[in-house]
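User: Hi! I have a structure open here and would like some help finding my way around. Could we go through it together?

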Amino acid sequence: MRVARLIYIPERDHTFPATSPERPFRDFSVAGVSIAAYCASRLREAGFEAVFNPEAAVTESAAEVVEVSMHDFSPEAAAWLASCGTGEVRNEEGRLLARKGPGNGLSRVFSGREAAVERLVYPWDLLDWQERMMEGMEGDDFSGRPGVYVLGSLRVGKGTVVMPGVVVEGSAWVGDGCRLGPNCHLRGYVSMGNGCVAGQGVELKNCIIGDGTFIPHLSYAGDSIIGSDVNFGAGTVCSNFRHDGGEHRMMAAGKLEITGRNKLGAVIGDHVRLGANTVVLPGRVVPPGAWTMPGETFTGTCIPGRKCRNTEKAACGGTLPGMRPLAG
């Protein structure tokens, strides 16, 4: 079997704060599957043994190991390169897809027609990845549960409680020790980590949620990535649609990037506390550790002179546009 080594390219990773030092890129997961595990499974389908650790021992010589980017990911390009000499394959934008062996070997540019590329570079790419991951997912049997309506599929982990009034339209994956309901609505594709709560009057649409996050009552989040240990005060809303229906832009790595989406909510880092009736405007980034006051509208703009609760200076510290420092 051929060997493929998954490689992480820091300069291509603009997923923060969806990923973080506590939840690094390779370990970011949807429906219990990490990015590294997903890429490895796709490579196995293409006939590769996949490894991640750069020091991992492999049977083939270094010249025979194909290195495959997890950011611009293409098993087809890796398979083509494995059958050729040393060199590299890039896409039409010049992004590295795969490389093999040292020195100056062959170089090939693949068009989108020749090799499919799954981009995992920006936070909104993770939402697209979730849809690919969960499409067609089989769920548990809730046909005998009164008051639970699953119009699609729902899978829950050990110790998770599903209360009356829960409605699922689409595919939802919920981890261990969670509580759903009463009277909550999950639609589209929703993945929740362990120890989470989606309670009374909560609606979640196309969301990825980390471990230990509480959204207990009367809240809405659409097309959002919500980190671990986040608390939504009652009535908190992460809106996802502009009044003019236009395309969203979002801050990523200090730049305002075009997302190609007309539905996009928030990217919320770990340990965030959103006060009751907070409104997070579409396409905003809430840095890790941030707090909002009750009734606040989070615009994503820095306010000079206000101290940030965030301890990750590189992540916020008032230095990145769109990362809003909050009063201490």
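Analyst: Happy to; we can start with the whole chain and then look at helices, rings and charges. One thing to keep in mind is that this is a predicted model.

User: Good to know. How many helices and strands does the chain have?

Analyst: There are three helices and 29 strands in the chain.

User: And what share of the residues counts as buried?

Analyst: The chain has 328 residues, and 49% of them count as buried. Its accessible surface is about 14,400 Å², with 51% of that belonging to carbon and sulfur atoms. You can also look at contacts: among those between residues at least 6 apart in sequence, 41% join residues at least 24 apart.

User: Let's do helices. Which residues of α2 are buried?

Analyst: Helix α2 runs over residues 75–82, and its buried residues are P75, A77, A78, L81 and A82. They span an arc of only 160° around the axis, which puts them on the same side of α2.

User: Nice. Which ones are buried in α1?

Analyst: In α1 the buried residues are I35, A36, Y38, C39, A40 and L43. If you follow the chain past α1 you come to G47, which has a positive phi, near 90°.

User: Y38 has a ring, right? How many aromatic pairs are there in the structure?

Analyst: The structure has four aromatic pairs. In one of them, Y38 pairs edge-to-face with W129, with 5.6 Å between the centres and 70° between the planes. Y38 belongs to helix α1 (residues 35–45) and W129 to helix α3 (residues 123–134), so this pair ties together parts that are 91 residues apart in sequence.

User: Are those two buried or exposed?

Analyst: Y38 and W129 are both buried.

User: Which other rings pair up, and how are they arranged?

Analyst: Try Y122 and W124, which form a stacked pair: the centres are 4.7 Å apart and the angle between the planes is 0°. Y122 is buried, with a relative accessible area of 11%. W124 is buried too, at 2%. The cut-off for buried is under 20%, so both values qualify.

User: Which charged residues sit over rings?

Analyst: R26 lies over the face of F52, 3.8 Å from the ring centre. R108 has its charged end over the ring of W80, at 5.1 Å from the centre of that ring.

User: Switching to salt bridges. Why would two side chains pair like that?

Analyst: Side chains with opposite charges can pair when their charged atoms come close.

User: How many salt bridges does the count come to?

Analyst: The count is 17 salt bridges.

User: Can you show me one inside a helix?

Analyst: Sure, look at R42 and E45, whose closest N and O atoms are 3.7 Å apart. These two residues are three apart in helix α1, which means that about one helical turn separates them. E45 is exposed, with a relative accessible area of 64%.

User: What network do R42 and E45 belong to?

Analyst: R42 and E45 are linked with E118 and R132 in a network of salt bridges.

User: What about R90, which residue does it bridge to?

Analyst: R90 forms a salt bridge with E88, and their closest N and O atoms are 2.8 Å apart. R90 counts as partly exposed at 28% relative accessibility. E88 is also partly exposed, at 25%.

User: Which salt bridge links distant parts of the chain?

Analyst: D223 and R261 do that: their side chains meet in a salt bridge, at 3.2 Å from N to O. D223 is in the loop between β19 (220–222) and β20 (225–226), while R261 is in the loop between β24 (255–258) and β25 (267–268), and the two are 38 residues apart.

User: And are D223 and R261 buried or exposed?

Analyst: Both D223 and R261 are buried.

User: Last one: where is T297?

Analyst: T297 lies in strand β29, which covers residues 297–298. With a relative accessibility of 41%, T297 counts as partly exposed.

User: What does T297 touch?

Analyst: Leaving out residues up to four places away in sequence, T297 touches V279 and L281. You can also find T278 at 5.8 Å from T297, C-alpha to C-alpha, although 19 residues separate T297 and T278 in sequence.

User: Great, thanks for the tour!

How values were computed
Residues numbered from 1 in each chain as written. Predicted model: local features only at pLDDT ≥ 70, side-chain atom pairs only at ≥ 80, totals over all residues. Heavy atoms only, no water. Buried < 20%, exposed > 50% of the residue type's maximum accessible area, 1.4 Å probe, protein only. Helix = DSSP H or I, 4+ residues; strand = E, 2+ residues; numbered from the N terminus. Arc of directions from axis to C-beta. Phe/Tyr/Trp six-rings, centres within 6.5 Å; stacked < 30°, edge-to-face > 60°. Lys NZ or Arg CZ within 6 Å of the ring centre and 35° of its normal. Salt bridge = Lys/Arg side-chain N within 4 Å of Asp/Glu carboxyl O. Contact = heavy atoms within 4.5 Å. Areas by Shrake-Rupley, 256 points an atom, 1.4 Å probe, with all protein chains shown as cover.
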